[in-house]
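Trainee: Hi, do you have a few minutes to go through a model with me? I'd like to start with the ligand.

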Amino acid sequence: MENKKIIIGNQKMYMSIGEVSEFLKGITGKNLGSNIVICPSSIYIPYFLKHRYCVGIQNISFDDKRQYTGEISAKQASDTGIKYALVGHSERRLYFNEDNELINKKVIALLQNNIIPILCIGETIEEKNLLKTNRVLKNDIVSCLKNISSDDLEKIIIAYEPIWAIGTNRIPTMSEIKSNVNYIKDLINKIFKKDVRVVYGGSVNSNNINKLNKIDNLDGFLIGGSSTKSEEFLKIIEVVVNQ
Ligand code: PEP
């Protein structure tokens with residue numbers, strides 16, 4: 001298992017072609033290592049691959065054999081040179097009705113095609129207030145990782161993303177993050193007898209990264225909005241890599 005912290009930028013559908021070009025200019029010559037993963041809109045992926053950045057895809061189809069207009073299969077992604085994929089992001093669960101059964105199929109398709117799944121799990125604010133966070137995390141882990149072998153488990157990254165913290169500028173306390181990440185790691189260790197990497201995502205920015213990066217059980221960060229401006233993204237990387 002890699003021991004360097006991983007930083008994943010989820011640029012969602014935020015950027016125009018001009019903004020992508022500005023972003024690429026901003027990171028030129030910065031020698032981002034293989035632990036910095038950029039997930040642009042799929043249509044922009046070739047620009048990032050051309051410059052040899054480590055690229056993740058924001059979504060893939062669960063199946064590569066059917067006639068699915070508009071979808072991208074894990075095989076196509078893998079053949080193109082994509083190394084990572086987001087799966088189970090709360091926006092896909094909410095707006096595209098993706099459930100744990102479908103997410104499990106996507107995790108399996110990714111593993112079969114040598115792409116590292118970044119499996120996003122996390123609670124809503126209502127679930128948090130009803131003290132259901134552990135129950136939600138357990139249900140997501142058990143269902144999304146059904147039929148995954150212990151060996152494959154080591155390839156997966158879990159992104160702990162409290163849904164209420166995504167794009168809101170609100171983050172949990174450091175001790176809440178630490179204890180929820182411990183819960184995820186302990187549970188996975190109990191089920192698979194293996195360690196898993198867990199990153200935190202939700203309103204990470206250059207102002208809060210110093211304190212977030214001090215949480216000692218985190219293996220990195222998943223960054224949405226703050227990954228779309230090269231200066232801001234590079235500031236975050238600098239703290240994580242050098243602190
Ligand atoms: C995300 O969408 O995965 C995310 C972490 O977004 P943001 O950083 O904007 O909260």
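Trainee: How far is a polar side-chain atom of His89 from an oxygen atom of the ligand?

Mentor: The distance is 2.8 Å. That is a polar contact, meaning a pair of N or O atoms within 3.5 Å. Keep in mind that this is a predicted model, where local features need pLDDT of at least 70, side-chain atom pairs count only at pLDDT 80 or more, and totals for chains, interfaces and linings use all residues. Residues are numbered from 1 along each chain as its sequence is written, and side-chain values use heavy atoms, with hydrogens and water left out.

Trainee: And what about the side chains of Glu161 and Asn10?

Mentor: Glu161 has a side-chain N or O atom 2.8 Å from a ligand oxygen. For Asn10, the corresponding distance is 3.5 Å. The protein buries 96% of the 290 Å² that the ligand exposes when taken alone (Shrake-Rupley method, 1.4 Å probe).

Trainee: How many residues surround the ligand?

Mentor: There are 14, with a heavy atom within 4 Å of the ligand as the criterion. Lys12, Glu161, Gly167, Ser203 and Gly224 are the closest. The shell has four nonpolar, eight polar and two charged residues, with Gly counted as polar.

Trainee: Which pocket does the ligand sit in?

Mentor: The second largest one; sitting there means that more than half of its atoms lie within 2 Å of the pocket's grid points. A pocket is an open set of points on a 1 Å grid over the protein atoms alone, where a 1.4 Å probe fits, with protein on both sides within 12 Å along at least five of seven lines; lining residues have an atom within 4 Å of a point.

Trainee: How much space lies in that second largest pocket?

Mentor: About 280 Å³. It is lined by 18 residues, and Gly167, Ser203, Gly224, Gly225 and Ser226 are the closest to its centre.

Trainee: Changing topic, what volume does the largest pocket have?

Mentor: About 570 Å³. Its lining has 19 residues, with Met13, Gln58, Asn59, Arg92 and Phe96 closest to the centre. By class, seven are nonpolar, eight polar and four charged.

Technical notes
Polar contact = N/O pair within 3.5 Å; in protein donor to acceptor, adjacent residues only side chain to side chain. Points joined across faces, edges and corners; volume = space filled by probe spheres on them.
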